[in-house]
Number of protein chains: 2
Amino acid sequence: MRNPKAKLLLGPGPSNSDPRVLRALSEPTLGHLDPDFVAIMDETTELLRYVFNTKNKLTIPISGTGSAGMETAFMNMVEPGDKAIVCTCGIFGDRMVDVAERAGAEVVKVESPWGEPIDPEDVKKAIRKNPGAKLLAIVHAETSTGVLQPLDEIVELAHEAGMRVIVDAVTSLGGMDVPVDRLELDFVYSGTQKCLSCPPGLAPVTVNEAAAAFIRDRKSKCRSWYLDLGMIQRYWGSERFYHHTAPINMIYALHEALTIVKEEGLEARYKRHKEAQAALIEGLADMGLKPVVNEPFRLPSLTTVWTPDGINEAAVRKTLLEEYNIEIGAGLGVFKGRIWRIGLMGTNARRHYVVQLLGALKDILK
Amino acid sequence: MRNPKAKLLLGPGPSNSDPRVLRALSEPTLGHLDPDFVAIMDETTELLRYVFNTKNKLTIPISGTGSAGMETAFMNMVEPGDKAIVCTCGIFGDRMVDVAERAGAEVVKVESPWGEPIDPEDVKKAIRKNPGAKLLAIVHAETSTGVLQPLDEIVELAHEAGMRVIVDAVTSLGGMDVPVDRLELDFVYSGTQKCLSCPPGLAPVTVNEAAAAFIRDRKSKCRSWYLDLGMIQRYWGSERFYHHTAPINMIYALHEALTIVKEEGLEARYKRHKEAQAALIEGLADMGLKPVVNEPFRLPSLTTVWTPDGINEAAVRKTLLEEYNIEIGAGLGVFKGRIWRIGLMGTNARRHYVVQLLGALKDILK
């Protein structure tokens, strides 16, 4: 018996899917080479370029969730034996290390404490010590800590050293500016279930000319057949070469979700995310709750907050979910039991949802 | 502008999604650790065991399309350097060779001509010549040729030689018996968009105890993080260890599709597929069109037929799609331009759809 009740999803993702997106999901399935579907694919790539704010030709959704986007990046951008500098200050940076090693990279880690961003000075040192490194990877929006990573200086250092740059924008795309073209980021991946308010299942990626050329001229075959962009781009390009059957209905949903973003406009959307977070931080402060991350490193779409002393934080989350139909996220790793993760992503980044959450929290904690 | 028109999908897949499945897709998105969603996950694995007709504990949907199922099989079942015997007589056997090699296998091919099954004698010879081979892989239902591969003798040979067996059941699961437990198949994968009549996007897999133990005791890490069953099974098991965010709404759809299969019953469903094909073959014979594959090797869910002499087969398919709203498939590889592939899969395996197709074909060819 399956009858999922609508809840307010204010955790680290998925966020609520827009009702228009849910309706798009149930449109009739078409063949993956049907001219009507091919037209939808073309429009989807155009809309993705708008949302990524890029001119990159190779801008497509990968047929898996955000983590498949991460794997696509490393499988395609690493030749076995390549040295890669991977920055990590949270779960998703750690995941990058694991994924990079499985793709055959020799990984050099640059770390900083959880709740803080990576220090460009540490990157500078790592580059100096590893002159042959081919790749730098970094998380733009670390969902496990709520840290927004400034990219300018680090990306510039990497590019000066001739390195390719991979950026994880899973929790930033659609909620704040991702400087794809401005910083000439080589490979950026994201997910659909965060600030795009589309169900999980696709990983939008964008690849610049330099990275596309690298993929074209690889010496070794990509270790993943399923995620081999050399082949996948021939299906998304004018050739329409069959690779695997695209997740047709999920593409409808993404098409609708991106259309909604474009209707609102990127700047208005970014502003809405910032304003919603400001209301949340103010309300939490009134309750004596302090954010984990200091400005200017606070991620607009995901706020981390220290849990109040002397309460059972898991019990609070359980009550929130069961009695108030609101989901918020637990802490992971070193933050387990010590923080909450509150997402205001996509359609959920609105003041009235903040008020709803704060009211419920006050009711439980009183 | 996205407004996909409903068409009758009688190609090699996707088949039409059942309307109930499309409605399930648009149910509200839940969090991937929400107790209500976790209950749906548990029911989905139970239903998958019913459809695979297996007691295998490790029976789950992988978060990608059918080809991700293939990649999951080889990434988890191959240790780099393992010798693998891969049987191929079509596109999907060829794909297995490529995927196995990328996973690090040393591949020995056993081939037969397109349109015919693999000969167990050839497998016997290959096993004799390669006494150290660890793995045998074979396609049960070759979608590029319409061949149904008898498995009993070949699987027995492989198991006698101590080899693990991977079977591709993408186009057979839900349309005919897949002998998972009877032949103790080690790893079987499928897709949702064929005989399950669910949109593409998930790959059901089932893994027996021996294969699960192999995966648990691997010496090397699985080359794919995203498809690492050692980790994924901890999310689908009672531990609920977070790996990646499941494609929530696609799981709803699969849950509904499997429920529909169970309501009908496996035997009734298999019978319906056979009867629909018999009606198709009879109708094609009346038009002078001959099947490519001889009995008993004809795949019930996908019929391949030689195109009539002296016509432009691509133009016929185009007219069928544009004027009659019916999709059928083209030939691939050596069959390009020479055959049509007509799928009667899942909800589409019904006589009245056969009559609709035959009427349209006669109208075009008259």
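In this predicted model, the C-alpha centres of domain 1 and domain 2 of chain A are separated by 27 Å. Domain 1 of chain A is assembled from two stretches, 8–13 and 266–365, while domain 2 of chain A covers 19–262.

The two domains touch each other: 25 residues of domain 1 of chain A and 24 residues of domain 2 of chain A take part in the contact. On the domain 1 side, two or more residues are given by each of α10 (266–286) and β11 (302–306) of chain A. Helix α10(A) supplies the largest share of that side, with 4 residues. Sorted by class, the side of domain 1 of chain A that touches domain 2 of chain A consists of 14 nonpolar, 8 polar and 3 charged residues.

The second contact to follow is the one between chains. Here 55 residues of chain A meet 55 residues of chain B, counting residues as in contact when their C-beta atoms, placed from the backbone, lie within 7 Å. On the chain A side, the elements that give two or more residues are α1 (19–25), α2 (35–52), α3 (66–77), α4 (91–102) and α9 (248–264). Of the side of chain A that touches chain B, the largest share comes from α9(A), which provides 5 residues. The class counts for this side of chain A are 21 nonpolar, 20 polar and 14 charged residues.

Within chain A, then, α10(A) gives the largest share of the domain 1 side facing domain 2, and α9(A) gives the largest share of the side that touches chain B.

How values were computed. Residues are numbered from 1 along each chain as its sequence is written. Chains are lettered from A and ligands numbered from 1 in the order in which they are written. This is a predicted model: local features need pLDDT of at least 70, side-chain atom pairs count only at pLDDT 80 or more; totals for chains, interfaces and linings use all residues. Ala, Val, Leu, Ile, Met, Phe, Trp, Tyr, Cys and Pro count as nonpolar, Asp, Glu, Lys and Arg as charged, and the others, Gly among them, as polar. Domain bounds come from an automatic or database domain assignment.
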